[in-house]
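Hi,

Here's the structure I said I'd pass along. Have a look at it first, and then read on for what turned up.

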Amino acid sequence: MEKNPQNFKIILAVESSCDETSVAIVTSEQKILSNIVASQIKSHQRFGGVVPEVASRHHVEQIISCFDEAMKQAGVTMDQIDAVAVTYGPGLVGALLIGITAAKTFAWAHNLPLIPVNHMAGHIAAANFVTELHYPLLALLVSGGHTELVYMKTPGSYEIIGQTRDDAAGEAYDKIGRVLGVSYPSGKIIDEMAHHGNDTFHFPRAMLKEDNFDFSFSGLKSSFINTVHNAQQKEITLDANDLAASFQASVIEVLVTKTLRCVKELGVKQLVVAGGVAANRGLKETFTKIIAQEQLDLQLIVPPVALCGDNAAMIGSAAFIEAKENHFAAGNLNAKPGLSFPEQQEIEV
Ligand code: KG4
Ligand code: ZN
């Protein structure tokens with residue numbers, strides 16, 4: 001007899017949208033029984049970014065051992081698993097298809113339901129491992145491919161109310177990292193460098209004062225690159241830590257100011273910051289400082305660093321919400337590389 005999705009206790013989740021192959025087993029009490037992440041970063045580093053074909057090949061090589069290891073570490077038997085969840089977008093089509101095919105096969109072989117999960121919903125759901133979420137809430141999603149303010153009125157409902165018009169925040173970190181000679185992905189190292197430098201260059205703060213919740217990082221990136229190239233032509237050496245600190249100061253000021261403006265307008269009491277860039281120390285410190293300074297009635301929730309980057313545990317957590325809504329996939333589930341949340345029409349609060 002099929003189990004009631006409201007009572008699912010254990011979900012096996014699969015994530016393969018970009019350059020991490022991951023399989024996790026999580027419980028409805030938000031306990032992570034296992035979360036195996038096989039990173040391919042070393043293979044992409046020499047190209048300065050993720051090469052889709054290389055990513056797909058690595059996923060094929062890694063996925064079976066990730067399943068095995070996740071089952072072994074979790075110490076659960078097959079009959080304890082209630083459902084299989086998988087990221088079906090957004091991401092690289094070839095990479096997504098490996099995870100989807102593996103998840104479908106596993107679900108079919110063990111007669112389990114299949115839950116399709118939006119990768120970005122997964123990033124937000126990582127906050128469930130920190131504390132209980134109360135709705136409505138606002139999420140700032142900052143990753144290598146996305147920079148979005150997402151309003152969640154209820155669990156499982158997502159409305160984009162602001163987003164980048166060009167580069168994502170993480171993408172900007174990775175692009176200026178190349179100019180600084182930092183290996184891909186550069187966010188973590190630039191964050192460290194920034195802590196040893198000062199904002200001496202005062203790069204532009206794009207769209208800071210505009211009356212919307214959108215972002216833009218390509219002007220900042222160009223300004224950074226021009227500054228470095230001009231100095232190189234004049235054979236002047238600039239302080240790399242000051243450059244990193246100046247870049248980071250601009251990114252953080254725009255993200256924090258516009259997000260907190262949005263928090264006030266919506267009157268939400270919880271702010272989730274999620275995605276790879278949420279691991280940024282300066283970003284978390286600045287949010288914490290300003291929330292305290294302004295005495296805002298706001299709980300800041302940032303997942304631990306290991307759960308900010310891509311991993312399957314967050315997909316498992318989001319899957320419990322989808323299961324409760326009866327969102328299941330059929331055997332013909334396909335990858336949706338451009339999957340997005342609906343854009344906000346009009347918010348009723
Ligand atoms: O969410 P994620 O792991 O993959 C995507 O779904 O895109 O995010 C990866 C991005 C990369 O651009 C990386 O440079 C950035 O997150 N990142 C950081 C930090 N750690 C990772 N950016 C700024 N500061 C960090 N500490
Ligand atoms: Zn991601």
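About 1900 Å² is buried between domain 1 and domain 2, and carbon and sulfur atoms give 69% of that area. Keep in mind as you read that this is a predicted model.

As for which stretches these are, domain 1 takes in 5–125 plus 308–344, while domain 2 runs over 133–302. Their C-alpha centres sit 27 Å apart. On the contact side, 21 residues of domain 1 touch 25 residues of domain 2.

What about polar links across that boundary? Three residue pairs are in polar contact between domain 1 and domain 2, counting pairs with both residues at pLDDT 80 or more. Salt bridges between the two domains come to zero. On the domain 1 side, the elements that give two or more residues to the surface touching domain 2 are helix H1 (41–45), helix H4 (119–125) and helix H11 (312–324). H4 has the largest share there, with four residues. By type, that side of domain 1 splits into 10 nonpolar, seven polar and four charged residues.

Next, the ligand. Which residues come closest to ligand 1? Out of 20 residues surrounding ligand 1, the closest are Gly144, Asp174, Gly187, Gly276 and Asn280. A few backbone contacts can be picked out, if you want to pull them up in your viewer:

- Gly144: a backbone N or O atom is 2.8 Å from an oxygen atom of ligand 1.
- Gly170: a polar backbone atom is 3.1 Å from an oxygen atom of ligand 1.
- Gly145: a polar backbone atom is 3.5 Å from an oxygen atom of ligand 1.

Then there's some backbone geometry to look at. The peptide bond going from Gly89 to Pro90 is cis, with omega near -10°. Pro90 belongs to the loop between strand E4 (83–89) and helix H3 (93–109). Tyr184 and Pro185 are also joined by a cis peptide bond, with omega about -10°. You'll find Pro185 in the loop between helix H5 (169–180) and helix H6 (187–194).

His202 goes on the list too: its phi is near 50°, which is a positive value in a residue other than glycine. That residue, His202, is in the loop between H6 and helix H7 (218–233).

Last topic, salt bridges. How many salt bridges does the structure hold? The count is 11. One to look up is the pairing of the Lys3 and Asp82 side chains, at 2.4 Å from N to O. Lys3 is in the segment before strand E1 (10–15) and Asp82 is in the loop between helix H2 (52–74) and E4, so this pair ties together parts that lie 79 residues apart in sequence.

To pull the domain picture together: the boundary has three residue pairs in polar contact, zero salt bridges, and a buried area to which carbon and sulfur atoms give 69%.

That's everything I have for now. Shout if you'd like to go through any of it together.

Cheers

How values were computed
Residues numbered from 1 in each chain as written. Chains lettered and ligands numbered in written order. Predicted model: local features only at pLDDT ≥ 70, side-chain atom pairs only at ≥ 80, totals over all residues. Heavy atoms only, no water. Domains from an automatic or database assignment. Contact = heavy atoms within 4.5 Å. Buried area = accessible area lost by both parts, 1.4 Å probe. Salt bridge = Lys/Arg side-chain N within 4 Å of Asp/Glu carboxyl O. Polar contact = N/O pair within 3.5 Å; in protein donor to acceptor, adjacent residues only side chain to side chain. Nonpolar A, V, L, I, M, F, W, Y, C, P; charged D, E, K, R; others polar. Near = heavy atom within 4 Å.
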